[in-house]
Amino acid sequence: MDLSLAGRTALVTGGSRGFGLAVALRLAAEGAHVALTARGESALQEAAADVARAGAAARGAAAGRVLAVSADVTDDAAVTGAVERVTRELGPIDLLLVNAGGPPAGNFADLDLAAWEGAYRLTVESAVRLCRLVAPGMMERRRGRIVCITSVSVRQPVENLMLSSVLRPAVQALVRTLALEAAPSGVTVNAVAPGFHLTSAVERLITRKQEQTGASRDDVIAGWTREIPLGRLGEADELAALVVFLMSGPAGYITGQSITSDGGWVKGTF
Ligand SMILES: NC(=O)c1ccc[n+]([C@@H]2O[C@H](COP(=O)([O-])OP(=O)(O)OC[C@H]3O[C@@H](n4cnc5c(N)ncnc54)[C@H](OP(=O)(O)O)[C@@H]3O)[C@@H](O)[C@H]2O)c1
């Protein structure tokens, strides 16, 4: 299938590892120009080199350009500067992946107000900030795709993930509402809601669970996979394939949706 992504400009936040990097690799293979942001400079530069290699391997001389811009999504000036630089160097942003690290794990009793405020800034405010900076230009040009990475917590609370379970649904509501405003211009806004995928974030959750319970790594993973009908954790590239499809030309009639990728973990009918 031709995804019509060649020559498009993509901004992938949280692009140095995990889902963000997996999406960036696929976009480069489709011939898009890809800008990556994250905080850690050296991992970001390594990721950009990998993404450039993926583009060159798939497209040769027709590969898109790759740009790495260090920015914390909670820092207004840094994100504004990053969007301006991407626009200047790669062109107006056609494809936006809203993504960063997840809010910290914890139960209600573990979390003070500062933790709630930090999680709001990381999860909700950063999504609003990115959409404010990028969506108006897309709507003006009547072209664009926004995809937000949320979590299965938008559909069912996840044990020990109080902050995610409360705040991710706000991002889902942003997606649903902004999609309505963007629709007349043909711009689509969607979310993907991952269950357990083996990324560095989940490796950290495994370590935390091991420390809390004394269980082995295999036992922690087995505890989760027992609840997953497909019997395994997902791969980052499986979620990336879904994201890249939602960013593609053929996905132009899908907007305001939240698509779950969880091996069947959520048991609700809808
Ligand atoms: N993996 C899963 O199974 C799963 C399931 C449900 C939801 N999710 C959610 O999906 C998102 C991505 O998860 P992942 O597994 O890919 O995580 P990951 O492997 O930890 O990658 C997170 C990426 O975001 C960057 N990042 C973190 N905080 C940032 C900040 N404040 N500003 C800018 N960049 C930041 C990281 O780089 P720096 O640290 O260098 O900035 C890294 O590039 C998270 O929100 C996570 O909660 C993941």
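Mentor: Before we start, a convention: Ala, Val, Leu, Ile, Met, Phe, Trp, Tyr, Cys and Pro count as nonpolar, Asp, Glu, Lys and Arg as charged, and the others, Gly among them, as polar. This is a predicted model, in which local features need pLDDT of at least 70 and side-chain atom pairs count only at pLDDT 80 or more, while totals for chains, interfaces and linings use all residues. Residues are numbered from 1 along each chain as its sequence is written.

Trainee: Thanks! How many nonpolar, polar and charged residues are in the shell around the ligand?

Mentor: A residue joins the shell if its C-beta atom, placed from the backbone, lies within 6 Å of the ligand. The residues that surround the ligand number 29, and the closest are Gly14, Gly18, Gly40, Gly101 and Gly102. Two elements, α1 (18-29) and α6 (200-213), each give two or more residues to this shell. Sorted by class, the shell has 11 nonpolar, 15 polar and 3 charged residues.

Trainee: Which domains each give at least three residues to that shell?

Mentor: Domain bounds here come from an automatic or database domain assignment. The shell draws at least three residues from each of domain 1 (9-196 + 236-261) and domain 2 (198-233).

Trainee: What are the classes of the domain 1 residues that touch domain 2?

Mentor: Contact means that the C-beta atoms of two residues, placed from the backbone, lie within 7 Å. The C-alpha centres of the two domains are 25 Å apart. Across the boundary, 9 residues of domain 1 are in contact with 9 residues of domain 2. The domain 1 side divides into 4 nonpolar, 4 polar and 1 charged.

Trainee: What is the radius of gyration of the protein?

Mentor: Start with the elements: the protein has 8 helices and 7 strands, counted as DSSP runs (H or I, at least four residues, for helices; E, at least two, for strands) numbered from the N terminus. The globule rule is 2.2 Å times the number of residues to the power 0.38, with the radius taken over C-alpha atoms. For 270 residues the rule gives 18 Å and the protein comes close to this, so it is as compact as a globular protein of that length, with a radius of gyration of 18 Å.

Trainee: Which element gives the most to the largest nonpolar core?

Mentor: Such a core is a set of buried Ala, Val, Leu, Ile, Met, Phe, Trp, Tyr and Cys residues joined through C-beta atoms within 7 Å. The largest one has 76 residues, and Ala28, Val34 and Leu36 have the most contacts inside it. The element giving the most, with 9 residues, is α1.

Trainee: Is Gly195 buried or exposed?

Mentor: Gly195 sits in the loop between β6 (188-194) and α6. The cut-offs are 20 or more other C-beta atoms within 10 Å for buried, 12 or fewer for exposed, and in between for partly exposed, with C-beta atoms placed from the backbone. Because Gly195 has 24 C-beta neighbours inside 10 Å, it counts as buried.

Trainee: What is the phi of Arg142, roughly?

Mentor: Most residues other than glycine have a negative phi. Arg142 lies in the loop between α4 (113-141) and β5 (145-149), and it counts as exposed because it has 10 C-beta neighbours inside 10 Å. Although Arg142 is not a glycine, its phi is positive, at about 60°.
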